[in-house]
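The following note sets out several points for the attention of a colleague who is examining this entry. Each point is kept short and may be checked against the coordinates.

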Amino acid sequence: MDVVTPYKQFFSFEHFHKDGAGGCSFGLWNLHDTGSVYNSMRVYNVACKSRFRKPKVTCSRKYMGNCVFAVSKSKSSGLNGNLQHSITFLKGDFNGVEVEPSPNEVIASLNFEEYENNNFGMLIRNGEFEEGFKFLKHMTNNGNIPDVIACTALIRWFCKVGKTKKATQIMEILEESGVVMDLSTYNVLIDCYCKSGETEEALRVLDRMGVAPNAITYDTILCSLCDRGKLKQAMKVLDKQLQSECYPDVVTYTVLIQATCKESGVVQAMKLFDEMMSKRCKPDIVTYNILIKGICEEGRLDDALRFLNKLPSYGCQPDAISHNVILRSFCRTGRWMDAKSMLASMLRKGCSPSIATFNILINFLCQRGLLVKAFDVLETMPKYGCTPNCRSYSTLVQGFCNEKMIDRAIEFLEIMVSRGCYPDIVTYNILLTALCKDGMVDAADEILNQLSLIGCSPVIITYNIVIGGLLKVRKVERAVELLKDMHRNGLKPDIITYNSIIDGLLKVGKTECAVELFEEMCRKGYKPDIITCTSLVGGLSREGKVHEAIKYFHDLEGYGIRPDAFTYNSIMTRLCKTRQTSRAIDFLAYMIGKRCKPTEFTYTILIEGIKYEGLADEALELLNELCSRGFVKRSLAEKVEFKLFGIHKKQQQQVLSH
């Protein structure tokens, strides 16, 4: 074989013929092109059931402009005695190659576009989606039209992993190629944008669709807009839907009715309900339940009950959810007798109560401290075919803890487990909170250590509960150990965790450790908040490190935090106690300049500072002036006057008497 190619490029290519009529697929074995857009391709084996043999090949050199051709003449047996593939690659991409047929051979052609689409499809089928995306761009750069099925699969995959921009690029490539995607693919792309909160992008896709949208298309966008409180925009989309003669279904109207109840009230929602009925779109039980909930949220429980009783006349039987909505509202407003009547009404109508029904009743009784009655309700659940769930038991555990009956709560947990219902992390968090409030921190710490062993992994809030309890009893070292445990267990502490420990360290005088933890927190990308600012600046000020406190005060301002009066006061207090009253006054001016309103305590701090500087008369004069202007209440002024100036007045009287 005699082939001329540029020294920077190499292309090797194999042809195989089959012996017999078995199925065969053509494969590219090796391909390198250092000057091409797409620099690499996976190597695929030829898949044949039959046996292959290489043809005898002779090659000659040809030059044609900027293209290089490797010309191969092959003679071999195959289908009808001959088989020939004709493929051309442009220089700069894959080197032009043309295989010429023998005059007597039957030609079976596979053009380059089909060949590239085969390889593109193979990449997608093998899950090489990123490589497929690169290859797609290479194809279209060469002016080839991509296969719509492979592109659709690629769009769906990018949507699945949240890469909406790449999915949109593929859609644009198809549009530019004159290929129209099917409706389901457009719907997948729109759904992806809506789930990521990019409703404007979803609307752009809707406007450029090459096929008519269906109800699913509009429902997806309407749900997204309504969930984000964009009812006006949703109504515009509804108008567009009606103009396109794609009539809304029950899902569309239900979504809009729910959003209207939240934003404009039930009266407006009922207008939409009437429109729905006029268009012969029959509401379902979900629609009615949303309206019942809306009426209840407006406090019109009797109206809600009347509406519930009218449902059969509309051809719809209320379900357990319909009753639960009103039952919950009765319990929330303390109408226990009405709640009992509703339960009895449910049973008379043959509407079986659900687990949620009983949980509503248990929750109400526990909040009222009626734990015996709540327990009785739980015990009657199996009679109505309902098995208590974790929430049923957890509510009672919470009730016992609220009544400071922690031993009873623990016993109840044992009953729960003996019945085959295992506590979840919510249940344990309830118990841990109660233990920490009651000062039983060691017991809470022990339970925390055992959680993973019993298959209930603690979450961030679990650690925060126990850390908070430890810090209340000044067990700071153990709290820091739990922070390290969180890191070891793959849990990422939140700002609450850091704030709690920083404050705990400062309260026991470990300012250096607190500052180190604060700086570690900032290095890890956590943004301090006002609580961080108040704890750090206040703690440093209390320890007499006022210069360091002022430094971090300004550093925290750099994070966009606006310190409150408490933070300013902590610095001013320390300045005044160290007889730096002039600096405290400057800090007051800075405080007012930052539009932070001074409190009565701010002014009393300054009065004390002026008095400590030996200017008692000036301090008393300032106090009276602030009192006359209404900045300090007379009652507080009298207390300050007695505290600071009572001794001074006696001393003056003694001097005058002598």
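1. R335 has a relative accessible area of 26% and therefore counts as partly exposed, since that class lies between the limits of 20% and 50%. The coordinates belong to a predicted model. The side chain of R335 meets that of D338 in a salt bridge, with an N to O distance of 2.7 Å. D338, at 29% relative accessibility, is partly exposed as well.

2. In total, the structure holds 22 salt bridges. One of them joins the side chains of K163 and E130, again at 2.7 Å from N to O. K163 is in the loop between α3 (148–160) and α4 (164–176), whereas E130 belongs to helix α2 (residues 129–141), so the pair ties together parts that are 33 residues apart in sequence. The relative accessible area of K163 is 35%, which makes this residue partly exposed; E130, at 25%, is also partly exposed.

3. A further salt bridge links E520 with K524, and the closest N and O atoms of this pair are 3.3 Å apart. E520 is partly exposed at 22% relative accessible area, and K524 is partly exposed at 42%. Elsewhere, E298, R300, D303 and R306 are joined into one network by salt bridges that share partners.

4. Which residues gather in a patch of positive charge on the surface? They are K262, K293, R328, R332 and R391. Of these, R328 may be placed in helix α13 (residues 320–332). R328 has a relative accessible area of 36% and is thus partly exposed. Membership of a patch requires over 30% relative accessible area and no salt bridge, so the 36% of R328 satisfies the area criterion.

5. Is N359 buried or exposed? With a relative accessibility of 10%, N359 counts as buried, because the class is defined by a value under 20%. The residue is located in helix α15 (residues 355–367). The side chain of N359 makes a polar contact with the side chain of N389, at 3.4 Å.

6. T387 is found in the loop between α16 (371–380) and α17 (390–402). Its relative accessibility of 59% classes T387 as exposed, the threshold for that class being over 50%. Although T387 and C421 are 34 residues apart along the chain, their C-alpha atoms are separated by 9.6 Å.

Conventions
Residues numbered from 1 in each chain as written. Predicted model: local features only at pLDDT ≥ 70, side-chain atom pairs only at ≥ 80, totals over all residues. Heavy atoms only, no water. Patch = residues over 30% accessible without salt bridge, like charges linked within 9 Å, V, L, I, M, F, W, Y side chains within 5 Å. Areas by Shrake-Rupley, 256 points an atom, 1.4 Å probe, with all protein chains shown as cover. Salt bridge = Lys/Arg side-chain N within 4 Å of Asp/Glu carboxyl O. Lys, Arg positive; Asp, Glu negative; His and termini not counted. Charge placed at Lys NZ, Arg CZ, Asp CG, Glu CD. Helix = DSSP H or I, 4+ residues; strand = E, 2+ residues; numbered from the N terminus. Buried < 20%, exposed > 50% of the residue type's maximum accessible area, 1.4 Å probe, protein only. Polar contact = N/O pair within 3.5 Å; in protein donor to acceptor, adjacent residues only side chain to side chain.
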